[in-house]
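Me: I would like to go through this structure slowly, with one question at a time. Could you reason each answer out before you give it?

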Amino acid sequence: MKVLDNIKVLALKVWRSQALKYTLVCLLGVLIVGFLDENSVWNHFKNQRRISELEEEIDKYNAAYERDQTQIRQLNKDPKAMEKIARERYFMKADDEDIYVLSDDDRTPKPIVNNETTE
């Protein structure tokens with residue numbers, strides 16, 4: 001019982017201290033704003049990470065845009081380039097030639113799944 005009385009007396013002394021009250025309130029305010037608020041430090045770090053991901057994505061799309069612009073300029077200058085793209089991408093061919101498409105896909109047979117059940 002004496003331990004509880006000592007704790008109670010100590011808590012009352014702490015609570016009556018003006019400096020400690022203000023310190024606790026300020027500390028509590030900083031913790032709430034720093035970690036629980038919409039503009040907290042945690043959200044700030046998450047937003048910075050998202051910004052860096054989006055900047056990487058922008059760089060990727062800018063590189064694709066530049067590549068496509070180079071290809072468009074090449075198509076405007078050289079009519080053979082259009083033929084090359086048609087042959088490579090769309091497997092188009094001239095009337096007197098044959099096209100063979102070779103693939104490196106692994107063609108292992110899939111096991112037969114029997115979905116029938118016996119009762």
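Me: Which side chains meet in a salt bridge, with 3.7 Å from N to O?

Reply: This is a predicted model, so the distance is a computed one, and a salt bridge requires a side-chain nitrogen of Lys or Arg within 4 Å of a carboxyl oxygen of Asp or Glu. Side chains of opposite charge can pair when their charged atoms come close. By this rule the count comes to one salt bridge. At 3.7 Å from N to O, the side chains that meet are those of R50 and E53.

Me: In which helix do R50 and E53 lie?

Reply: Along the chain, R50 and E53 are three residues apart, which is about one turn of the helix. The element that holds both R50 and E53 is helix α3.

Me: Does R50 count as buried, partly exposed or exposed, and what about E53?

Reply: The middle class lies between 20% and 50% relative accessible area. R50 has 46% relative accessibility and therefore falls in that class, and E53, at 37%, falls there too. R50 counts as partly exposed, and E53 likewise counts as partly exposed.

Me: Which helix has the highest confidence in the chain?

Reply: Taken as a whole, the chain averages a pLDDT of 82, and 87% of the residues score at least 70. Confidence is lowest in helix α4 (residues 79-90), where the mean is 78. The highest mean, 93, belongs to residues 41-77, which form helix α3.

Me: How many helices and how many strands are in the chain?

Reply: Read from the N terminus on, the elements of the chain run α-α-α-α. The count is therefore four helices and zero strands.

Me: Is L36 buried or exposed?

Reply: L36 lies in helix α2, which covers residues 18-36, and L36 helps to make a nonpolar surface patch of about 720 Å² together with L27, L28, L31, I32, V33 and F35. A residue needs over 50% relative accessible area to pass the cut-off, and L36 has 70%, so L36 counts as exposed.

Me: Which residue lies over the face of Y61?

Reply: A search of the whole structure finds zero aromatic pairs, but the ring of Y61 does have a residue over its face. At 5.0 Å from the ring centre, that residue is K60.

Terms used. Residues numbered from 1 in each chain as written. Predicted model: local features only at pLDDT ≥ 70, side-chain atom pairs only at ≥ 80, totals over all residues. Heavy atoms only, no water. Phe/Tyr/Trp six-rings, centres within 6.5 Å; stacked < 30°, edge-to-face > 60°. Lys NZ or Arg CZ within 6 Å of the ring centre and 35° of its normal. pLDDT = per-residue confidence, 0-100. Helix = DSSP H or I, 4+ residues; strand = E, 2+ residues; numbered from the N terminus. Patch = residues over 30% accessible without salt bridge, like charges linked within 9 Å, V, L, I, M, F, W, Y side chains within 5 Å. Areas by Shrake-Rupley, 256 points an atom, 1.4 Å probe, with all protein chains shown as cover. Buried < 20%, exposed > 50% of the residue type's maximum accessible area, 1.4 Å probe, protein only.
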